[in-house]
Amino acid sequence: MSGQTLTDRIAAAQYQLTGSDMARAVCKATTHEVMPPKKKHLDYLVSATNTTNVNIPQMADTLFERSTNASWVVVFKALVTSHHMCVHGNERFIQYLASRTSLFNLSNFIDKTGSHGYDMSTFIRRYGRYLNEKAFAYRQMAFDFTRVKKGAEGVMRTMTTEKLLKGMPVLQTQIDTLLEFDVHPKELNNGIINAAFLLLFKDLVKLFASYNDGIINLLEKYFKMKKSDCKEALEIYKRFLTRVTKIGEFMKLAETVGVDKNDIPDINYAPSSILESLETHMNGLEDTKGGKKGSPTKGSPTNNVSPTSTPAKSSNAVPALQPPPGESAGAAAAPSSAPEPAEDSLLDLDPLSSSGPSAPSAAPTSWGDLLGSEMGDSLLSEPTLTAEPAPSSAAATPTPAAAEPGVSLAPPTSTAAATSPGAANMDLLGG
């Protein structure tokens, strides 16, 4: 089908008789010719939107009327013209579209005139859905994501947390609707669908720039958000990662319709470490709410004293590590090979630390076990060489041998009683 049909000429004449040059230009831009709208008609309509006395609702209503035609060619060209006005025309045009309660009702459109009409009807339905979503996004945000300023001082980078969490899902929905156009290179086989694809490609480049700015702003504010906002922001970032691949595939198709390769932006994928850091921070907030974060464990340094601590460096903590006299008096003498608790590690420096005060009928002490019972008896018979003998007998908790070289290493006698904590401190600190 080539050239304007008789119907196109009659419609153009009717609009000319009514004195509406704008309506006539709309009719000329949406003829039955299988070719994109002519540039001169589009330029006229764009300039008309910038005129103060132009009737924007009349222009939009004329385009809506053309989109109800039975021919896929007229409907597709009406959508392309409307999209062109949204991109290049005055912002008042998209403002009017956003104010309408109903826009392009093409969810059931199908052209049964031929096989080509069946194929194009699918893209017409998808294209109309995207234009509706574009107007709906403007209604929610009061601006067009493709028109806002980009970069460090752009709208998405300077947006507050509340507005950002509200606007990012709206932007994601608009991008999803655009990606649903889902055209393949072999289906870009006529000028009308090629013109629609180029407009979608340009929109996607601008939408992705706003999307990227929003994600950067989101990550900058993430670690200062409260838990509920962090959870929402994390889901937004995860959806961003899944869309980046689809956006890159859609942009690569632009080469098939004549877009220069240098005009197609390169998309760099975010490292996985960012997502891991966000999830770790999120889990930390959940632990804090549950009372788990910051609680010391048994193996943490806050609960246990290092077993490598020397008596000289931890002399102030020694009294706290001594077992109570009541408990040590009732404990039986353990073999030298028995494991010792971690908290008594400072006392393991002395072989006497494994035994409590001996009873009259008790078995030989650990010192006696180590050197032999006969040697132990001979040592017990020898007098001690202590400079200042304590009033009471040897303590159940002995002092390390290296702590005081002047103290005798003789084991306690069988009649010894438990030494008070003060005596033990005096032995450790050298009187």
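This note comments on the salt bridges and on one buried helix in a predicted model.

1. Overall count. The model contains 9 salt bridges. The points below take up three of these pairs, a network, and helix α2.

2. D144 and K134. A salt bridge joins the side chains of D144 and K134, with an N to O distance of 3.5 Å. D144 lies in the loop between α7 (115-141) and α8 (161-179), whereas K134 belongs to helix α7; the two residues are 10 apart along the chain. D144 has a relative accessible area of 4%, and because the cut-off for burial is under 20%, D144 is buried. K134 is likewise buried, its relative accessible area being 2%.

3. The network around this pair. Which residues are linked with K134 and D144 in a network of salt bridges? The other members are R147 and D203. The D144 and K134 contact should accordingly be read together with this network of K134, D144, R147 and D203.

4. E220 and R157. In this salt bridge the closest N and O atoms are 4.0 Å apart. The pair links distant parts of the chain, with E220 in helix α9 (residues 191-222) and R157 in the loop between α7 and α8, a separation of 63 residues. E220 is partly exposed at a relative accessible area of 48%. R157 is also partly exposed, with 22% relative accessibility.

5. R243 and D176. The side chains of R243 and D176 form a salt bridge with an N to O distance of 2.6 Å. This pair connects two helices: R243 is in α10 (residues 227-252) and D176 is in α8, 67 residues apart. Are R243 and D176 buried or partly exposed? R243 has 11% relative accessibility and therefore counts as buried, whereas D176, at 24%, counts as partly exposed.

6. Helix α2. Why is helix α2 (residues 21-29) described as largely enclosed by the rest of the structure? The description applies because 7 of its 9 residues are buried. The buried positions in α2 are M22, A23, A25, V26, C27, K28 and A29. A lysine, K28, is thus listed among the buried residues of this helix.

7. Points to inspect in the structure. For the loop between α7 and α8, the reader may examine D144, which pairs with K134 of helix α7, and R157, which pairs with E220 of helix α9. For helix α8, the residue to examine is D176, whose partner R243 lies in helix α10.

Note on methods: Residues are numbered from 1 along each chain as its sequence is written. This is a predicted model: local features need pLDDT of at least 70, side-chain atom pairs count only at pLDDT 80 or more; totals for chains, interfaces and linings use all residues. Side-chain values use heavy atoms; hydrogens and water are left out. Helices (H or I, at least four residues) and strands (E, at least two) are DSSP runs, numbered from the N terminus. Buried means under 20% relative accessible area, exposed over 50%, partly exposed in between (1.4 Å probe, protein chains only).
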